[in-house]
Amino acid sequence: MADIGTILARLTLDTAGFTKGLDQAMGKLDGLVTLAAGVGAALTGMFAAAAAEGLRFSSQLEQLDIAFTTFLGSAEASGAFLEEMKQFAAATPFQFEDVTKGAQKLMALGFAAEETIPVLAAIGDRMSSLGAGAADINRTIRALGQMKGRGMVVTQEMNQLTEVGIKAW
């Protein structure tokens, strides 16, 4: 039989092991709480950024609606045109913002609303095949707009098209 001293010693040792294990578990739990707080802060930041981007896009749509209402003469025509632009942007590698800026430039240079998507599609197809970016697309739009404005083709615009990779001659 074990004597009382051995039993007390064993209980003390077992309690010390238990306390040590409990301290380790609490330390890991503190680390988990710190990690959860960090994740929470990151998620809050992501949601705030998403909300800000949503507001920016909403503001951009409102400005575009005003611009296209001016070009097209009515809010209804503008809304329908913007919907076409959304569908066009979704079906191409270009961003909605780039597509609408291109359409605005084309209309400002004298292209009719019905011409903008076919012209943007043709420009986009050619520029994509060349790996060109927004700057070359803008140069192409400018050259075509200058031709449209003059009502004739001149060497200067043909050279501009050639410079961006379009075989204009």
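In which helix is E157 found? E157 belongs to helix α6, residues 155-163, where helices are DSSP runs of H or I with at least four residues, numbered from the N terminus. This is a predicted model in which local features need pLDDT of at least 70 and side-chain atom pairs count only at pLDDT 80 or more, whereas totals for chains, interfaces and linings use all residues. Residues are numbered from 1 along each chain as its sequence is written, and side-chain values use heavy atoms, with hydrogens and water left out.

**E157**
- E157 counts as buried because its relative accessibility is 0%, buried meaning under 20% relative accessible area with a 1.4 Å probe and protein chains only.
- Apart from neighbours within four places in sequence, E157 is in contact (heavy atoms within 4.5 Å) with A143, Q146, M147 and R150.

**Nonpolar cores**
- The largest nonpolar core, a set of buried Ala, Val, Leu, Ile, Met, Phe, Trp, Tyr and Cys residues joined through side-chain atoms within 4.5 Å, has 23 residues, and F68, F81, M85, V99 and L120 have the most contacts inside it.
- At least two residues of this core come from each of α1 (4-72), α2 (75-90), α3 (96-108), α4 (113-130) and α5 (134-150), and α4 gives the most, with 6 residues.
- A second, separate core of 5 residues includes A143, M147, M158 and A168.
- Not counting residues up to four places away in sequence, L120 touches F88, V99, G102, A103, L106 and I141.

Technical notes. Buried < 20%, exposed > 50% of the residue type's maximum accessible area, 1.4 Å probe, protein only.
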